[in-house]
2 protein chains.
Amino acid sequence: MKLYTYFRSSAAFRVRIALNLKGLKYEPVFVHLAKGEHRQPQYAQVNPQALLPTLELDDGTRLTQSLAIIEWLEEKHPTPPLLPKEPLARARVRSLSYLVASEIHPLNNLRVLQHLKRALGQTQDEIDTWYRYWIADGLAKLEAELAGSSGKFCHGDFPGMADCCLVPQIFNAKRYSSDLAPYPTTMRVFDNCMKLEAFDRAQPSKQPDAE
Amino acid sequence: MKLYTYFRSSAAFRVRIALNLKGLKYEPVFVHLAKGEHRQPQYAQVNPQALLPTLELDDGTRLTQSLAIIEWLEEKHPTPPLLPKEPLARARVRSLSYLVASEIHPLNNLRVLQHLKRALGQTQDEIDTWYRYWIADGLAKLEAELAGSSGKFCHGDFPGMADCCLVPQIFNAKRYSSDLAPYPTTMRVFDNCMKLEAFDRAQPSKQPDAE
């Protein structure tokens with residue numbers, strides 16, 4: 001398998017974690033988001049959405065959207081599981097995953113920050129304020145969801161799809177110097193994740209294309 | 001079942017369609033987003049994420065995040081299916097769903113538009129421009145994905161999860177007078193969906209709380 005990835009892409013980071021958790025090897029193909037390589041015509045052939053990541057199977061079939069890739073991995077390589085078995089528990093893990101993937105991350109990804117600068121004329125300070133605002137808004141919701149649970153991870157004592165989403169989001173929050181003190185349960189889960197080799201090895205600074 | 005809903009909530013609209021497609025009855029509970037009722041303490045008891053929709057089961061169990069609810073409906077009430085059987089096909093439908101739910105809608109929902117106005121001082125014209133920019137960006141990607149397919153719906157000849165996402169997004173695009181001419185395949189799928197009673201009955205103007 002090939003994974004089209006960029007060290008700082010949160011969505012690619014999610015899939016790197018999932019592949020590592022499942023013990024699946026992949027060959028990275030580097031697409032430099034900051035240089036706009038994902039908007040080049042040759043990448044449009046790979047991924048019509050012009051987004052990272054793309055997972056390319058050995059027969060050339062390509063999958064897009066990080067959570068669709070993780071659900072496919074779960075269906076084709078079910079062990080170890082990244083979703084619980086019971087439907088209500090699965091719904092909870094998916095809800096936590098989408099809370100990160102649909103409510104926080106989309107507001108803070110590179111193309112949005114570039115648009116704030118280029119089209120809205122926002123200064124870097126204003127962009128940083130925007131970034132931290134949505135981090136705080138979303139992490140407060142995540143903390144409210146997690147605070148009642150005593151598990152080591154987002155759902156119980158085994159890492160899963162929601163943890164694949166949470167960890168890259170916290171990396172982003174740290175990069176933008178967000179105050180993480182209000183989210184103790186979230187940070188306990190993050191710390192537990194980062195003790196695992198599958199998460200550690202997937203982090204941006206340990207990627208071959210890290211700058 | 002109870003569905004906490006608001007006539008103009010795209011995410012609630014997705015679930016209304018899915019419930020209708022599966023022939024499941026529900027009792028609507030109206031939460032007025034524009035008046036901020038979702039941010040009241042009593043709704044935080046219902047949904048810690050303070051978002052719509054919430055599906056409440058007869059035993060009081062609550063599910064959150066529209067796509068997590070739809071996946072749960074699919075697992076518990078598999079007929080008629082909203083996802084194909086084959087894993088790669090499922091991945092495609094999920095990818096199209098997330099393209100709407102994670103790349104377009106989060107940039108244009110009410111809380112973001114309110115933030116643009118209140119925190120960034122954007123005028124209504126500027127907010128409308130922002131709205132249409134992300135609609136155009138996302139629908140171009142969706143059109144690129146769909147253009148190669150000849151099915152009546154997003155995937156094949158039966159409506160599914162991706163159609164539950166596409167239709168509310170097109171309603172939003174129309175409300176903001178987006179130019180939809182560049183997306184003929186997307187609009188063909190939209191038109192096919194709207195011929196179905198399950199989609200028609202779920203639309204904002206036909207909800208009891210419509211204004």
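Visitor: How many residues does each chain bring to the contact between chain A and chain B?
Guide: This is a predicted model, in which local features need pLDDT of at least 70, side-chain atom pairs count only at pLDDT 80 or more, and totals for chains, interfaces and linings use all residues. Residues are numbered from 1 along each chain as its sequence is written, while chains are lettered from A and ligands numbered from 1 in the order in which they are written. Two residues are in contact if their C-beta atoms, placed from the backbone, lie within 7 Å. Counted that way, chain A brings 31 residues and chain B brings 31 residues.

Visitor: Which element of chain A gives the most to the side that touches chain B?
Guide: Helices (H or I, at least four residues) and strands (E, at least two) are DSSP runs, numbered from the N terminus. On this side, two or more residues come from each of strand 4 (62-64), helix 3, helix 4 (87-108) and helix 6 of chain A. With 13 residues, the element that gives the most is helix 4 of chain A.

Visitor: And how many residues on that side of chain A are nonpolar?
Guide: Ala, Val, Leu, Ile, Met, Phe, Trp, Tyr, Cys and Pro count as nonpolar, Asp, Glu, Lys and Arg as charged, and the others, Gly among them, as polar. The side of chain A that touches chain B has six polar and eight charged residues, and its nonpolar residues number 17.

Visitor: In what pattern do the elements of chain A follow one another?
Guide: Chain A holds nine helices and four strands. Written along the sequence, with β for a strand and α for a helix, they give β-α-β-α-β-β-α-α-α-α-α-α-α.

Visitor: Where chain A splits into domains, which element gives the largest share of the side of domain 1 that touches domain 2?
Guide: An automatic or database domain assignment gives chain A domain 1 (2-80) and domain 2 (87-198). In their contact, 11 residues of domain 1 of chain A meet 13 residues of domain 2 of chain A. Helix 1 (10-21) and helix 3 (66-76) of chain A each give two or more residues to the domain 1 side. The largest share, seven residues, comes from helix 1 of chain A.

Visitor: How are helix 6 and helix 8 of chain A angled to each other?
Guide: Axes here are lines fitted to C-alpha atoms, for helices over the stretch in contact, and angles run from 0 to 180 degrees between N-to-C directions. The axes of helix 6 (residues 124-146) and helix 8 (residues 184-194) of chain A come within 8 Å and cross at roughly 80 degrees. Angles of 65 to 115 degrees count as roughly perpendicular, under 35 as roughly parallel, over 145 as roughly antiparallel and the rest as oblique. Therefore helix 6 of chain A is, relative to helix 8 of chain A, roughly perpendicular.

Visitor: Is A:His38 buried or exposed?
Guide: A:His38 sits in the loop between strand 2 (27-30) and helix 2 (41-46) of chain A. A residue is buried if 20 or more other C-beta atoms lie within 10 Å of its own, exposed if 12 or fewer, and partly exposed in between, with C-beta atoms placed from the backbone. Since A:His38 has 23 other C-beta atoms within 10 Å, A:His38 is buried.

Visitor: What separation do the C-alpha atoms of A:His38 and A:Leu52 have?
Guide: Leaving out residues up to four places away in sequence, A:His38 touches several residues, among them A:Val31, A:Tyr43 and A:Leu52. A:His38 and A:Leu52 are 14 residues apart along the chain, and their C-alpha atoms are separated by 7.5 Å.
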